[in-house]
Amino acid sequence: GENMRIFAIRHGKTEWNSIGKIQGRTDIPLNEEGVKSAYALAAEMRTQGYIPTEIFTSPLARAYKTAEIVASEFSLTPEAVTDFQEMSFGLWEGLSWKEITEKYPAEFKTWNHDRTAQIPEGESYIDLTRRIIPELRRACEKSEGDFAIVAHGAVIMAMHVIYEGIEFESIDKIMRHIKNSSVTVFDAERMLENAEKFEKSGRLDIRKGNKL
């Protein structure tokens with residue numbers, strides 16, 4: 001649609017968020033604070049005029065529950081989309097960043113320096129970006145108006161990278177703004193145009209950014 005917007009929502013807090021453990025695909029539920037903040041977010045969205053016509057969500061419990069709470073505010077039913085789930089952090093799941101740097105110093109250094117590198121038994125940011133693009137397109141096609149995607153930190157960072165045409169190296173700055181139970185608003189048309197550039201380049205080498 002004309003000037004359709006995407007509301008990218010990061011799930012509410014979990015126990016692991018509170019203690020700084022990496023979740024990835026590990027299915028940790030919202031904690032009490034997470035549930036409360038999801039209700040607050042839904043009310044805030046209504047106040048801001050962020051009224052979704054559809055809600056797509058990662059199937060992981062922390063996102064799905066957040067999506068259900070937001071959906072109830074707008075009388076919608078969330079649709080689970082497998083590829084909106086968090087990046088797989090492989091062997092690093094359940095560890096803190098400090099533990100990761102101690103247990104996997106070489107792999108961490110490589111990954112931290114080169115965002116195309118894969119986490120041991122997990123994904124790379126390229127894998128993540130590749131898998132979300134078709135689902136972003138499908139969500140845009142399916143929606144009659146503004147829509148929400150309830151997902152995870154890395155997924156929303158990848159959306160920023162596509163949208164801004166920036167390098168993955170700058171994502172650490174972005175991540176600070178993607179708090180639990182926060183919403184980021186993107187223009188759907190621009191997201192799709194940039195996603196297409198990204199794919200057409202035939203080289204999803206985000207180290208160069210996707211300014212083609």
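Reader: Which residues of α3 are buried?
Author: This is a predicted model, in which local features need pLDDT of at least 70 and side-chain atom pairs count only at pLDDT 80 or more, while totals for chains, interfaces and linings use all residues. Residues are numbered from 1 along each chain as its sequence is written, and side-chain values use heavy atoms, leaving out hydrogens and water. α3 covers residues 61–73, helices being DSSP runs of H or I with at least four residues and strands runs of E with at least two, numbered from the N terminus. Taking buried as under 20% relative accessible area with a 1.4 Å probe and protein chains only, the buried residues are Arg 62, Ala 63, Thr 66, Ala 67, Ile 69, Val 70 and Ala 71.

Reader: Which elements do the buried residues of α3 pack against?
Author: Contact requires heavy atoms within 4.5 Å. The partners of these buried residues are β1, α2 (32–48), β2 (54–57) and β4.

Reader: Is α7 roughly parallel or roughly perpendicular to α9?
Author: Their axes, lines fitted to C-alpha atoms over the stretch in contact, with angles from 0 to 180 degrees between N-to-C directions, come within 7 Å and cross at roughly 80°. Because angles of 65 to 115 degrees count as such, α7 is, with respect to α9, roughly perpendicular.

Reader: How many residues does α7 give to the largest nonpolar core?
Author: A nonpolar core joins buried Ala, Val, Leu, Ile, Met, Phe, Trp, Tyr and Cys residues through side-chain atoms within 4.5 Å. This core has 41 residues, of which Ile 6, Ile 132, Ile 149 and Met 159 touch the most other members. The largest share comes from α7, and it amounts to eight residues.

Note on methods. Buried means under 20% relative accessible area, exposed over 50%, partly exposed in between (1.4 Å probe, protein chains only). The expected span of a helix is 1.5 Å times one less than its number of residues. Angles under 35 degrees count as roughly parallel, over 145 as roughly antiparallel, 65 to 115 as roughly perpendicular and the rest as oblique.
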